[in-house]
Protein chains: 2
Amino acid sequence: MNIYDVSKRAGVSIATVSRVINNSEGVSEKTRKKVLDAIEELEYIPNALARGLGINSMKTIGIMCANASDIYLANAIYHLESSLRKFGYDCILCCTGYESDIREKYMTLLLSKQVDAVILVGSNYVEEDVAKQEYIHNAAKKVPIVLVNGQLEGENIYCSLADDYQAVFQLCTQLIQKGKKNLMFLYDSNSFSGKQKRQGYEDALKNYNLKPNQLFIPFDEDNIQKIKDFIVQEVREYPEAMICCEDAIAVASLKFATKVGLDVPNQLHIVGYNNSLIAKCCEPELTSIDNKVQEVCDSAIKMLMNVLEGNGNENIKVVPCFLKQRGTTDF
Amino acid sequence: MNIYDVSKRAGVSIATVSRVINNSEGVSEKTRKKVLDAIEELEYIPNALARGLGINSMKTIGIMCANASDIYLANAIYHLESSLRKFGYDCILCCTGYESDIREKYMTLLLSKQVDAVILVGSNYVEEDVAKQEYIHNAAKKVPIVLVNGQLEGENIYCSLADDYQAVFQLCTQLIQKGKKNLMFLYDSNSFSGKQKRQGYEDALKNYNLKPNQLFIPFDEDNIQKIKDFIVQEVREYPEAMICCEDAIAVASLKFATKVGLDVPNQLHIVGYNNSLIAKCCEPELTSIDNKVQEVCDSAIKMLMNVLEGNGNENIKVVPCFLKQRGTTDF
DNA sequence: TTGTATGCGTTATCAA
DNA sequence: TTGATAACGCATACAA
């Protein structure tokens, strides 16, 4: 079933059928109707591959993320997909994990499928080792690359990210001004955004000559029980506030507080990050920094669409975060 | 940059280049090396579109789900993608929402992109109104259709699902045998799996001549606070156990218990569904029915691969669930 | 072992 | 307003 079958059925040439399919002008109403009828009768569906081969665009965007089951990333993917759809694009999803040579293979795969652009979701795509990002720069020679929540300079590379530095800096400053002195920072990642958060924490404390107190959590967010046990074991001197780079760590911190008998929020303030569903599942519910996934994704797509339409001017967009106060703080 | 450029560079014909790319035999080592070198130097990436057009397969599977940000669906998508990847397929993701005419459009879109099969994730693709499923049967005439957690009879339609009926039936039977009489069932969906769960509940109670006590929750799982308020308002006579069709509803039930002063698990047992991350976030942690997403997804892909390779024999696979006991029950 | 020529299903250019 | 035909980049049957 192809355009020839339709053309025969309608008694016109394939060029005319193509014109009707693409809503080109210069087709008489009568002919158009004949063609549309034939399409209907034959239940003809155009072959997007052949079309893509001709016009050299599949109207498809590649999306790479480390792990699509992560709550934050899943949300991002959802918003990206919806937003792309509005512009007539759909997406090929790749869960790449964290190894850069594997990521490079996925990138090649996407390019071979002639995607119009590639979106890298999550700040873990920004690596310490610059050599591990070479594949990104290479890909950018062929199609626009968009980083969601990462920052990377380069020709044809675009970034949309939350202002994690400011968010943590402001939060800590506020807590200090309310009289809290011993602020603890708990983190599980040295990704780009992880470092931004940490820097915000450190700078805020430095402003008040306070000593930083940081704890690296060597488990992933699914292991709330393990994280809790780890905190119980590591934290002997109780802080006045625990700033966590993930809601899951904040939940574990809350369990730690319960375990050691600290009253939250009176004796201990706890702040999570992402303002995800799990922030609303504990008791008291988590105060959490909302890093505005949807806004970040929307502006990523907006930037990308500008580029694809040739109006590319900006190449970075920073979205402010928002502190959602709930029961684990009181200030 | 195409196969002709490579052939010129290597001083061979395009047929030979094609053979090298596809690892076909009958190419001398010397020639093969020449070609590989040329590919390397030119940084040539084959065009999968052109290839797909010729052999009529893009090695791509379409995945449709209502909402990729839902924890359960996000997990399923993650496992499906990983599993497909192992077989050399990648996937186009479509978040379709719940309206069947929009879903039909997505299906057409996927077919136009020449996907090799379509996977429908989530039991909401099985509709009350059979007419709303016609587009699935039509699509099945062209490519295999796989339902994940849904059941639908039809030519070229395959199903992999969790045994939700048995899971709830067994759980309720067990609770009754432990002396619980007033079991309450809370649900928010009349999807296929929703009905299976409900039927399991009703049948278990019927076996012991107990009167069912069901509450429909008219909010989605993000609104834990609203769900809790609704439960507080609706439930006057306190049950001995609350069986919930979603972990989020179970979390809300736990908050309800706290609010009205019921001790969990001594006065009230609570059981969630999905055994998701949020089950571990509350205190006490949720007992939850694990519906084995990964197994369900893996067997879906296994079935599909058999079909695509022409060994299609089975067309349905039912995976047993597993009760993960935690702090909200004690039996 | 290698090369030539054709087809895959479109779009687009040009001519009618 | 319509039609014939050449691309698009590759795989493959067939010939050499």
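Biologist: In this predicted model, how many residues surround DNA strand D, and which of them are the closest?

Modeller: A residue is taken as near a strand when one of its heavy atoms lies within 4 Å of it. By that reading, 26 residues surround DNA strand D, and the closest are Arg19(A), Thr31(A), Ile3(B), Ser18(B) and Tyr44(B). Of the atoms of DNA strand D that come within 4 Å of the protein, sugar and phosphate account for 64%.

Biologist: Which helices supply at least two residues each of the surface near DNA strand D?

Modeller: From chain A these are helix H2 (14-21) and helix H4 (48-55), and from chain B they are helix H1 (3-10), helix H2 (14-21) and helix H4 (48-55). Sorted by class, the residues of that surface comprise 13 nonpolar, ten polar and three charged.

Biologist: How should I read individual polar contacts with this strand, and what part of DNA strand D lies 2.5 Å from a polar side-chain atom of Arg19(A)?

Modeller: The idea is to look for a pair of N or O atoms within 3.5 Å, and then to ask which part of the nucleotide and which part of the residue are paired. For Arg19(A), the polar side-chain atom lies 2.5 Å from a base oxygen of DNA strand D. Ile3(B), in turn, offers a polar backbone atom, which is 2.3 Å from a phosphate oxygen of DNA strand D, while Arg51(B) places a polar side-chain atom 3.0 Å from a phosphate oxygen of that strand.

Biologist: Turning to the other strand, which residues come nearest to DNA strand C?

Modeller: Ser18(A), Asn22(A), Tyr44(A), Arg19(B) and Thr31(B) come nearest among the 26 residues around DNA strand C. Here sugar and phosphate make up 67% of the strand's atoms that come within 4 Å of the protein. Helix H1 (3-10), H2 and H4 of chain A, together with H2 and H4 of chain B, each supply at least two residues of this surface, whose classes are 14 nonpolar, ten polar and two charged.

Biologist: Which atoms of Ile3(A), Asn22(A) and Tyr44(A) lie close to phosphate oxygens of DNA strand C?

Modeller: Ile3(A) uses a polar backbone atom, 2.7 Å from a phosphate oxygen of DNA strand C. Asn22(A) has an N or O atom of its side chain 2.7 Å from a phosphate oxygen of the strand, and for Tyr44(A) a polar side-chain atom lies 2.6 Å from a phosphate oxygen of DNA strand C.

Biologist: How is chain A divided into domains?

Modeller: The domain assignment gives domain 1 (3-42), domain 2 (60-161 + 293-319) and domain 3 (164-292). The C-alpha centres of domain 1 and domain 3 of chain A lie 63 Å apart.

Biologist: What should I look for in the backbone angles, and where are cis peptide bonds found?

Modeller: Most residues other than glycine have a negative phi, and most peptide bonds are trans. In chain A, the bond from Glu283(A) to Pro284(A) is cis, with omega near -5 degrees, and Pro284(A) belongs to the loop between strand E9 (269-273) and strand E10 (287-290). In chain B, the bond from Val264(B) to Pro265(B) is cis, with omega near 10 degrees, and Pro265(B) sits in the loop between helix H11 (247-260) and strand E9 (269-273).

Biologist: What is phi for Glu43(A) and for Gln114(B), and is Gln114(B) buried or exposed?

Modeller: Glu43(A), in the loop between helix H3 (29-42) and H4 of chain A, has a positive phi near 50 degrees. Gln114(B), which lies in the loop between helix H6 (100-112) and strand E3 (117-121) of chain B, has a positive phi of about 60 degrees. Gln114(B) counts as buried because its relative accessibility is 18%, the cut-off being under 20%.

Biologist: How many disulfides are there over all chains, and why is Cys172(B) not bonded to Cys244(B)?

Modeller: A disulfide is a covalent bond between the sulfur atoms of two cysteines. The count over all chains is zero. Cys159(A) is in no disulfide, the nearest cysteine sulfur being that of Cys297(A), 14 Å away, and Cys159(A) is buried at 2% relative accessibility. Cys172(B) is not bonded because its sulfur is 11 Å from the closest cysteine sulfur, in Cys244(B), which is too far for a bond; Cys172(B) is also buried, with a relative accessible area of 0%.

Terms used
Residues numbered from 1 in each chain as written. Chains lettered and ligands numbered in written order. Predicted model: local features only at pLDDT ≥ 70, side-chain atom pairs only at ≥ 80, totals over all residues. Heavy atoms only, no water. Polar contact = N/O pair within 3.5 Å; in protein donor to acceptor, adjacent residues only side chain to side chain. Helix = DSSP H or I, 4+ residues; strand = E, 2+ residues; numbered from the N terminus. Nonpolar A, V, L, I, M, F, W, Y, C, P; charged D, E, K, R; others polar. Domains from an automatic or database assignment. Buried < 20%, exposed > 50% of the residue type's maximum accessible area, 1.4 Å probe, protein only. Disulfide = S-S within 2.5 Å.
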